[in-house]
Amino acid sequence: EIAQLFVAGFGSSLVFGSFVGTVTDKFGRKKCCIMYCVLYIASCMTKHFKVYSILMLGRVTGGIATSMLFSCFECWMVSEHTQRHNFSGGLLGYMFGMM
């Protein structure tokens, strides 16, 4: 059962990661970053239960949140950098280099 939990987490990240960029563009970067926080909090809360279905739900929400973590925040930073503040693209490369 432990292996199934791990596969569910990675599998949900794989599936949702395929279209997380589209979802981010549709609903907004800031909303998706907030949704990441909500999903990850829910995922962490499920770790305190001994019920398999709740643990599985936590792994799936954690996988979805991980996909959002590695796309939404960077998209938001690039958008703010280029559209709102009109900084040059060279500074963006420097910013990512510092991270």
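## Exercises on a helical chain

**Exercise 1.** In this predicted model, work out how helix H3 and helix H5 are oriented relative to each other.

*Solution.* Start with the axes: those of H3 (residues 29–45) and H5 (residues 72–84) come within 9 Å and cross at roughly 150°. Now bring in the cut-off: angles over 145 degrees count as roughly antiparallel. So H3 is roughly antiparallel to H5. As for handedness, the crossing of H3 past H5 is left-handed.

**Exercise 2.** Find out which residues make the contact between H3 and H5, then sort them by class.

*Solution.* Take H3 to begin with: Arg29, Lys30, Cys32, Cys33 and Tyr36 take part. On the H5 side you'll find Cys72, Phe73, Cys75, Trp76 and Ser79. Sorting the contact of H3 with H5 gives seven nonpolar residues, one polar and two charged.

**Exercise 3.** Describe what the protein chain is built from and in what order its elements run.

*Solution.* Count the elements: there are six helices and zero strands. Read from the N terminus on, the order is α-α-α-α-α-α.

**Exercise 4.** Compare the radius of gyration of the protein chain with that of a compact globule of 99 residues, and look at its spans too.

*Solution.* The compact globule would come out near 13 Å, while the protein chain has 16 Å. Next, check the principal axes: the C-alpha trace spans about 50 × 25 × 25 Å. Then turn to burial, where 25% of the 99 residues are buried. Last, take contacts between residues at least 6 apart in sequence: 65% of them join residues at least 24 apart.

Conventions
Residues numbered from 1 in each chain as written. Predicted model: local features only at pLDDT ≥ 70, side-chain atom pairs only at ≥ 80, totals over all residues. Heavy atoms only, no water. Axes fitted to C-alpha atoms, helices over the stretch in contact; angles between N-to-C directions. Helix = DSSP H or I, 4+ residues; strand = E, 2+ residues; numbered from the N terminus. Parallel < 35°, antiparallel > 145°, perpendicular 65-115°, else oblique. Left-handed = near helix turned anticlockwise from the far one by under 90°. Contact = heavy atoms within 4.5 Å. Nonpolar A, V, L, I, M, F, W, Y, C, P; charged D, E, K, R; others polar. Rg over C-alpha atoms; globule rule 2.2 N^0.38 Å. Buried < 20%, exposed > 50% of the residue type's maximum accessible area, 1.4 Å probe, protein only.
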